[in-house]
Amino acid sequence: MLIDSRPRRMIFVLPSGLPIPLLSAALDSVFTRFQPPTISLLSSPLAITVGAGVRSALVVDLGWSETVVTAVYEYREVSSRWSIRGGRMLVENTHRLLASYLPEPLKRPSPGQEHVLSFEECCDVTNRMVWCRPRPGEAGPAAAAAEQQATQTSSSSSGVLPTVPEHEEPPQVQEPTPSAEEPTIIKIPLTSCARPITVSIPFDAFSDPCEET
(Lines give C-alpha, C1' and ligand atoms only; values in the text may rest on other atoms or scores of the structure.)
Protein backbone atom coordinates (compact mmCIF):
# COMPACT_ATOMS: atom_id res chain seq x y z
CA MET A 1 0.00 0.00 0.00
CA LEU A 2 1.50 3.33 -1.10
CA ILE A 3 0.11 6.51 0.50
CA ASP A 4 1.04 9.97 -0.73
CA SER A 5 1.25 12.74 1.86
CA ARG A 6 -1.15 15.31 0.37
CA PRO A 7 -3.64 13.85 -2.10
CA ARG A 8 -3.68 10.46 -0.29
CA ARG A 9 -3.85 8.44 -3.48
CA MET A 10 -3.54 4.77 -2.71
CA ILE A 11 -2.45 1.79 -4.81
CA PHE A 12 -3.30 -1.77 -3.84
CA VAL A 13 -1.14 -4.54 -5.34
CA LEU A 14 -3.44 -7.54 -5.19
CA PRO A 15 -3.63 -10.96 -6.86
CA SER A 16 -6.20 -11.30 -9.61
CA GLY A 17 -8.00 -14.13 -7.83
CA LEU A 18 -8.67 -12.22 -4.58
CA PRO A 19 -12.23 -12.99 -3.36
CA ILE A 20 -14.66 -10.11 -3.79
CA PRO A 21 -15.86 -10.10 -0.11
CA LEU A 22 -12.28 -9.79 1.11
CA LEU A 23 -11.57 -6.98 -1.37
CA SER A 24 -14.76 -5.17 -0.35
CA ALA A 25 -13.88 -5.42 3.35
CA ALA A 26 -10.37 -4.04 2.71
CA LEU A 27 -11.69 -1.12 0.66
CA ASP A 28 -14.35 -0.25 3.25
CA SER A 29 -11.73 -0.22 6.02
CA VAL A 30 -9.30 1.95 4.09
CA PHE A 31 -11.99 4.42 2.92
CA THR A 32 -13.23 4.76 6.50
CA ARG A 33 -9.80 5.08 8.13
CA PHE A 34 -7.79 7.17 5.64
CA GLN A 35 -10.60 8.71 3.52
CA PRO A 36 -8.67 8.73 0.22
CA PRO A 37 -10.39 10.14 -2.90
CA THR A 38 -9.26 7.21 -5.09
CA ILE A 39 -7.78 3.75 -4.69
CA SER A 40 -6.08 2.07 -7.67
CA LEU A 41 -6.07 -1.72 -7.88
CA LEU A 42 -3.09 -3.25 -9.69
CA SER A 43 -1.91 -6.81 -10.13
CA SER A 44 1.69 -7.70 -9.37
CA PRO A 45 2.86 -7.83 -13.05
CA LEU A 46 1.16 -4.52 -13.79
CA ALA A 47 2.69 -2.91 -10.70
CA ILE A 48 6.15 -4.11 -11.77
CA THR A 49 5.58 -2.63 -15.24
CA VAL A 50 4.49 0.71 -13.82
CA GLY A 51 7.39 0.72 -11.37
CA ALA A 52 9.83 0.14 -14.23
CA GLY A 53 8.50 3.23 -16.00
CA VAL A 54 7.25 1.43 -19.12
CA ARG A 55 3.82 0.83 -20.63
CA SER A 56 4.42 -2.68 -21.98
CA ALA A 57 6.55 -5.50 -20.59
CA LEU A 58 7.02 -9.24 -20.37
CA VAL A 59 7.11 -10.11 -16.65
CA VAL A 60 8.70 -13.43 -15.63
CA ASP A 61 8.00 -14.50 -12.06
CA LEU A 62 10.18 -17.49 -11.10
CA GLY A 63 8.50 -18.80 -7.98
CA TRP A 64 8.96 -21.87 -5.85
CA SER A 65 6.28 -24.13 -7.34
CA GLU A 66 5.82 -22.52 -10.74
CA THR A 67 7.04 -19.89 -13.16
CA VAL A 68 4.49 -17.38 -14.47
CA VAL A 69 5.10 -15.30 -17.60
CA THR A 70 2.69 -12.37 -18.07
CA ALA A 71 2.49 -10.10 -21.10
CA VAL A 72 1.47 -6.50 -20.31
CA TYR A 73 0.53 -4.16 -23.16
CA GLU A 74 -0.55 -0.55 -22.57
CA TYR A 75 -1.10 -1.19 -18.85
CA ARG A 76 -3.28 -4.24 -19.51
CA GLU A 77 -2.56 -7.93 -19.00
CA VAL A 78 -3.12 -9.50 -22.40
CA SER A 79 -1.75 -12.99 -21.79
CA SER A 80 -0.42 -15.19 -19.00
CA ARG A 81 1.25 -18.60 -19.11
CA TRP A 82 2.64 -20.70 -16.31
CA SER A 83 4.75 -23.80 -15.90
CA ILE A 84 5.58 -26.23 -13.10
CA ARG A 85 9.26 -25.45 -13.63
CA GLY A 86 10.33 -23.32 -10.69
CA GLY A 87 12.66 -23.12 -7.74
CA ARG A 88 11.49 -26.46 -6.39
CA MET A 89 12.47 -28.32 -9.55
CA LEU A 90 15.84 -26.56 -9.59
CA VAL A 91 16.63 -27.70 -6.04
CA GLU A 92 15.49 -31.24 -6.85
CA ASN A 93 17.77 -31.36 -9.89
CA THR A 94 20.65 -30.11 -7.73
CA HIS A 95 19.91 -32.88 -5.22
CA ARG A 96 20.01 -35.43 -8.04
CA LEU A 97 23.36 -34.06 -9.20
CA LEU A 98 24.94 -34.19 -5.72
CA ALA A 99 23.56 -37.65 -5.02
CA SER A 100 25.06 -39.01 -8.23
CA TYR A 101 28.58 -38.20 -6.96
CA LEU A 102 28.11 -39.92 -3.58
CA PRO A 103 29.62 -43.35 -2.97
CA GLU A 104 27.28 -46.26 -3.55
CA PRO A 105 26.50 -46.96 0.16
CA LEU A 106 25.45 -43.32 0.68
CA LYS A 107 23.14 -43.13 -2.36
CA ARG A 108 20.36 -44.97 -0.51
CA PRO A 109 18.23 -42.71 1.73
CA SER A 110 17.66 -43.56 5.35
CA PRO A 111 14.47 -45.41 6.33
CA GLY A 112 11.51 -43.04 6.29
CA GLN A 113 13.26 -40.44 4.12
CA GLU A 114 12.91 -39.70 0.42
CA HIS A 115 16.21 -37.86 -0.11
CA VAL A 116 19.78 -38.61 0.85
CA LEU A 117 20.57 -34.90 1.46
CA SER A 118 18.67 -32.24 3.38
CA PHE A 119 16.73 -29.47 1.70
CA GLU A 120 18.78 -26.76 3.43
CA GLU A 121 22.06 -28.14 2.11
CA CYS A 122 20.78 -28.58 -1.45
CA CYS A 123 19.29 -25.07 -1.42
CA ASP A 124 22.60 -23.63 -0.19
CA VAL A 125 24.55 -25.39 -2.96
CA THR A 126 21.98 -24.17 -5.50
CA ASN A 127 22.36 -20.55 -4.42
CA ARG A 128 26.16 -20.68 -4.35
CA MET A 129 27.19 -22.92 -7.24
CA VAL A 130 24.48 -23.42 -9.88
CA TRP A 131 24.99 -21.30 -12.99
CA CYS A 132 23.46 -20.89 -16.44
CA ARG A 133 25.41 -21.52 -19.64
CA PRO A 134 25.83 -18.63 -22.10
CA ARG A 135 23.87 -18.67 -25.31
CA PRO A 136 25.57 -20.23 -28.36
CA GLY A 137 27.40 -17.70 -30.52
CA GLU A 138 28.22 -15.19 -27.78
CA ALA A 139 31.96 -15.86 -27.97
CA GLY A 140 33.89 -13.17 -29.82
CA PRO A 141 36.06 -15.31 -32.14
CA ALA A 142 33.20 -17.66 -32.98
CA ALA A 143 30.86 -14.80 -33.79
CA ALA A 144 33.51 -13.14 -35.98
CA ALA A 145 34.18 -16.39 -37.86
CA ALA A 146 30.46 -16.92 -38.42
CA GLU A 147 30.04 -13.38 -39.70
CA GLN A 148 32.99 -13.78 -42.08
CA GLN A 149 31.60 -17.05 -43.39
CA ALA A 150 28.20 -15.45 -43.94
CA THR A 151 29.83 -12.61 -45.87
CA GLN A 152 31.70 -15.04 -48.10
CA THR A 153 28.54 -17.05 -48.68
CA SER A 154 26.58 -13.95 -49.68
CA SER A 155 29.36 -12.90 -52.06
CA SER A 156 29.47 -16.34 -53.65
CA SER A 157 25.68 -16.44 -54.03
CA SER A 158 25.69 -13.08 -55.81
CA GLY A 159 28.18 -14.40 -58.36
CA VAL A 160 30.96 -11.95 -57.42
CA LEU A 161 34.10 -13.40 -55.88
CA PRO A 162 36.23 -11.09 -53.74
CA THR A 163 39.64 -10.40 -55.26
CA VAL A 164 42.69 -10.72 -53.05
CA PRO A 165 45.99 -9.23 -54.21
CA GLU A 166 48.87 -11.67 -54.37
CA HIS A 167 51.02 -9.80 -51.89
CA GLU A 168 48.23 -9.83 -49.29
CA GLU A 169 47.74 -13.57 -49.29
CA PRO A 170 48.77 -14.85 -45.86
CA PRO A 171 51.22 -17.73 -45.72
CA GLN A 172 49.66 -21.05 -44.94
CA VAL A 173 50.81 -21.95 -41.47
CA GLN A 174 49.61 -25.11 -39.84
CA GLU A 175 47.72 -24.16 -36.70
CA PRO A 176 48.69 -26.04 -33.58
CA THR A 177 46.10 -28.41 -32.21
CA PRO A 178 44.56 -26.87 -29.09
CA SER A 179 45.17 -28.92 -26.03
CA ALA A 180 42.17 -30.05 -24.08
CA GLU A 181 41.78 -27.98 -20.95
CA GLU A 182 41.38 -29.88 -17.74
CA PRO A 183 37.98 -29.29 -16.12
CA THR A 184 37.86 -27.30 -12.91
CA ILE A 185 37.05 -29.53 -9.96
CA ILE A 186 35.05 -28.14 -7.04
CA LYS A 187 35.09 -29.87 -3.66
CA ILE A 188 31.72 -29.70 -1.89
CA PRO A 189 31.49 -30.79 1.77
CA LEU A 190 28.19 -32.55 2.52
CA THR A 191 27.12 -33.03 6.12
CA SER A 192 23.44 -34.02 5.89
CA CYS A 193 23.95 -37.49 4.41
CA ALA A 194 24.47 -40.68 6.43
CA ARG A 195 28.05 -39.62 7.20
CA PRO A 196 29.87 -36.35 6.38
CA ILE A 197 31.77 -36.52 3.13
CA THR A 198 33.46 -34.21 0.63
CA VAL A 199 32.68 -34.86 -3.02
CA SER A 200 34.63 -33.59 -6.04
CA ILE A 201 32.40 -32.32 -8.85
CA PRO A 202 33.42 -30.62 -12.11
CA PHE A 203 32.36 -26.98 -12.17
CA ASP A 204 30.69 -27.44 -15.57
CA ALA A 205 28.34 -30.02 -14.05
CA PHE A 206 26.72 -27.35 -11.88
CA SER A 207 25.11 -25.86 -14.99
CA ASP A 208 23.16 -29.05 -15.68
CA PRO A 209 20.42 -28.48 -13.04
CA CYS A 210 19.71 -25.00 -14.40
CA GLU A 211 19.67 -26.14 -18.02
CA GLU A 212 17.36 -29.07 -17.24
CA THR A 213 14.97 -26.83 -15.31
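# Exercises on a predicted fold

Of the 213 residues of the protein chain, 23% count as buried. The model is predicted. Work through the tasks in order.

## Exercise 1: The overall layout

Task: State how many helices and strands the protein chain has, and in what pattern they follow.

Solution.
- Step 1. Count the elements. The chain has six helices and eight strands.
- Step 2. Read along the sequence. The pattern is β-β-α-β-α-β-β-β-α-α-α-β-β-α.
- Step 3. Check how far contacts reach. Take contacts between residues at least 6 apart in sequence: 50% of them join residues at least 24 apart.
- Step 4. Turn to the surface. Its accessible area comes to about 15900 Å², and carbon and sulfur atoms account for 56% of that.

## Exercise 2: A three-stranded sheet

Task: Give the strand order of the open sheet that contains β5, and name its edge strands.

Solution.
- Step 1. Find the order. It is β4-β5-β6, with antiparallel pairing.
- Step 2. Find the edges. β4 (57-62) and β6 (76-83) each pair on one side only.
- Step 3. Add the twist. From one strand to the next it averages 15°.
- Step 4. Look at one pair in detail. Strand β5 (residues 67-73) is joined to β6 by seven bridges. Ala71 has Ser79 as its bridge partner in β6, and Val72 has Glu77.

## Exercise 3: Strand β6 and the hairpin

Task: Is β6 largely buried or in the open? Then describe the turn that leads into this strand.

Solution.
- Step 1. Count the buried residues of β6. The number is zero out of eight, so the strand lies largely in the open.
- Step 2. Go to the turn. Two residues sit between the strands of the β5 and β6 hairpin, and Glu74 there takes a positive phi near 55°.
- Step 3. Look at Tyr75, in the loop between β5 and β6. Its phi is positive too, about 65°, although Tyr75 is not a glycine.
- Step 4. Classify Tyr75. Its relative accessible area is 38%, so it is partly exposed, falling between the 20% and 50% limits.

## Exercise 4: Two buried threonines

Task: Where do Thr70 and Thr49 lie, and which residues do they contact beyond their sequence neighbours?

Solution.
- Step 1. Place Thr70. It lies in strand β5.
- Step 2. Apply the cut-off. Buried means under 20% relative accessible area. Thr70 has 4%, so it counts as buried.
- Step 3. List its contacts, leaving aside neighbours within four places in sequence. Thr70 touches Pro45, Ala57, Leu58, Val59, Glu77, Ser79 and Ser80.
- Step 4. Place Thr49. It lies in helix α2 (residues 44-51), and at 1% relative accessible area it is buried.
- Step 5. List its contacts by the rule of Step 3. Thr49 touches Val54, Arg55, Ser56, Ala57, Val59 and Val72.

## Exercise 5: Helix α3 and the core

Task: Test the length of helix α3, then find what this helix supplies to the largest nonpolar core.

Solution.
- Step 1. Work out the span. Helix α3 (residues 87-100) has 14 residues, and at 1.5 Å a residue these should span 20 Å. The expected span uses one less than the number of residues.
- Step 2. Compare. The end C-alpha atoms are 20 Å apart, which agrees.
- Step 3. Find the partners. The buried residues of α3, including Leu90, Val91 and Leu98, pack against β4, α4 (119-129), β7 (185-190), β8 (197-202) and α6 (208-212).
- Step 4. Recall a trend. In soluble globular proteins, nonpolar side chains tend to be buried together.
- Step 5. Go to the core. It has 19 residues, and Leu98, Leu190 and Phe206 touch the most other members. α3, α4, β7 and β8 each supply at least two residues of this core. The largest share, four residues, comes from α3.
- Step 6. Follow Leu190. Beyond four places in sequence, its contacts include Leu98, Leu102, Leu117 and Val199.
- Step 7. Note another core, apart from the largest. It has six residues, among them Phe12, Leu23, Leu27 and Val30.

## Exercise 6: Two loop residues

Task: Are Gln35 and Pro105 buried or exposed?

Solution.
- Step 1. Place Gln35. It is in the loop between α1 (20-33) and β3 (39-42). Its relative accessible area is 61%, so it is exposed.
- Step 2. Check its backbone. Gln35 has a positive phi of about 55°, yet it is not a glycine.
- Step 3. Place Pro105. It sits in the loop between α3 and α4. At 57% relative accessible area, Pro105 is exposed.
- Step 4. Compare sequence with space. Pro105 and Ala194 are 89 residues apart in sequence, and their C-alpha atoms are 9.1 Å apart.

Key: Residues are numbered from 1 along each chain as its sequence is written. This is a predicted model: local features need pLDDT of at least 70, side-chain atom pairs count only at pLDDT 80 or more; totals for chains, interfaces and linings use all residues. Side-chain values use heavy atoms; hydrogens and water are left out. Two strands pair if DSSP finds at least two bridges between them. Axes are lines fitted to C-alpha atoms, for helices over the stretch in contact, and angles run from 0 to 180 degrees between N-to-C directions. Buried means under 20% relative accessible area, exposed over 50%, partly exposed in between (1.4 Å probe, protein chains only). Contact means heavy atoms within 4.5 Å. A nonpolar core is a set of buried Ala, Val, Leu, Ile, Met, Phe, Trp, Tyr and Cys residues joined through side-chain atoms within 4.5 Å. Accessible areas come from the Shrake-Rupley method with a 1.4 Å probe; for residues, only the protein chains shown count as cover.
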